[in-house]
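Here's a quick tour of how some helices pack in this protein. Have the structure open as you read.

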Amino acid sequence: MPESSSIGEFLLQLYPIVCDATAKYENQRGKGAKFEDEISEHIYNVALDSGFRPNPPRYTLGLPTRSNNKHQFDASFTSKNTYYLVECKNTQTSPMDYVYYFNSKILDYAYSNPEITFKGIFLSATAIPNSAWRYSIAYGLRLLDPESPPPEYMITTCQKEPALAIALERHLEKIDEAAEYGWEDDPGIASRLYDEYRYYVNRWRTLND
């Protein structure tokens, strides 16, 4: 299975789990740790079912880093020469800074391991700010929060409008293409792709209300 389609299947399965866990722990004390524990366990099982090689929850990568620090991730799994690193957050504060810090850990490994591909997935129980979304597109991160279904999930649930599914598939292609090419010649591409994504989310919600 190609990398893009397999990670899409993983995100498709994970989105409703994130939504259910968010509602489940909304009013509980210690909800952050409980949310992270449950989601990490689900990630392990979904990754295994999707054909990836999952690591135990809260695994510390033993690969070299530029800073010589080693970093722990809530969940992680591998496929061939690609490492998928996952962060889960359920806090009252904005997750924006957590997204930036998460990516800094990924970059610390990426600079010292150019032969390996690293991809980040950030899961949040609270809405992720627009600025963090634009940042994530620029750096090839995938984000999930209850208000933001992945395009792969929307594609499977918009049978009422096949044209929307086709548009979402093209949107995913553009996201992949943007991650592979330099941004110097088109510094506004992250904003345009994010605006396009929000437009499709609104259309999808209208169809499913």
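What follows is a short look at two helix pairs and at one helix in more detail.

Keep in mind that this is a predicted model. One pair is H3 with H4, whose axes lie 9 Å apart, and the other is H6 with H7, with axes 11 Å apart.

**H3 and H4**
- Helix H3 covers residues 96-112 and helix H4 residues 130-139, and they pack at an angle of about 15°.
- With angles under 35 degrees counting as roughly parallel, H3 and H4 are therefore roughly parallel to each other.
- Their crossing is left-handed.
- On the H3 side, Met96, Val99, Tyr100, Asn103 and Leu107 touch Ser131, Ala132, Tyr135 and Tyr139 of H4.
- Sorted by class, that H3–H4 contact has 7 nonpolar residues, 2 polar and no charged ones.

**A closer look at H3**
- The 17 residues of H3 should span 24 Å at 1.5 Å a residue, which agrees with the 26 Å between its end C-alpha atoms.
- Buried residues in H3 include Val99, Phe102, Asn103 and Tyr109, and also Lys105 and Asp108.
- The buried residues of H3 pack against strands S3 (72-73), S5 (82-89) and S6 (117-124), as well as H4.

**H6 and H7**
- Helix H6 (residues 162-180) packs against helix H7 (residues 189-208) at about 155°.
- That angle makes H6 roughly antiparallel to H7.
- H6 crosses H7 in a left-handed way.
- Among the residues making the contact are Leu164, Leu168, His171 and Lys174 from H6, and Leu193, Glu196, Arg203 and Trp204 from H7.
- The H6–H7 contact divides into 11 nonpolar, 1 polar and 3 charged residues.

How values were computed: Residues are numbered from 1 along each chain as its sequence is written. This is a predicted model: local features need pLDDT of at least 70, side-chain atom pairs count only at pLDDT 80 or more; totals for chains, interfaces and linings use all residues. Side-chain values use heavy atoms; hydrogens and water are left out. Axes are lines fitted to C-alpha atoms, for helices over the stretch in contact, and angles run from 0 to 180 degrees between N-to-C directions. Helices (H or I, at least four residues) and strands (E, at least two) are DSSP runs, numbered from the N terminus. Angles under 35 degrees count as roughly parallel, over 145 as roughly antiparallel, 65 to 115 as roughly perpendicular and the rest as oblique. A crossing is left-handed if the near helix is turned anticlockwise from the far one by less than a right angle, and right-handed if clockwise. Contact means heavy atoms within 4.5 Å. Ala, Val, Leu, Ile, Met, Phe, Trp, Tyr, Cys and Pro count as nonpolar, Asp, Glu, Lys and Arg as charged, and the others, Gly among them, as polar. The expected span of a helix is 1.5 Å times one less than its number of residues. Buried means under 20% relative accessible area, exposed over 50%, partly exposed in between (1.4 Å probe, protein chains only).
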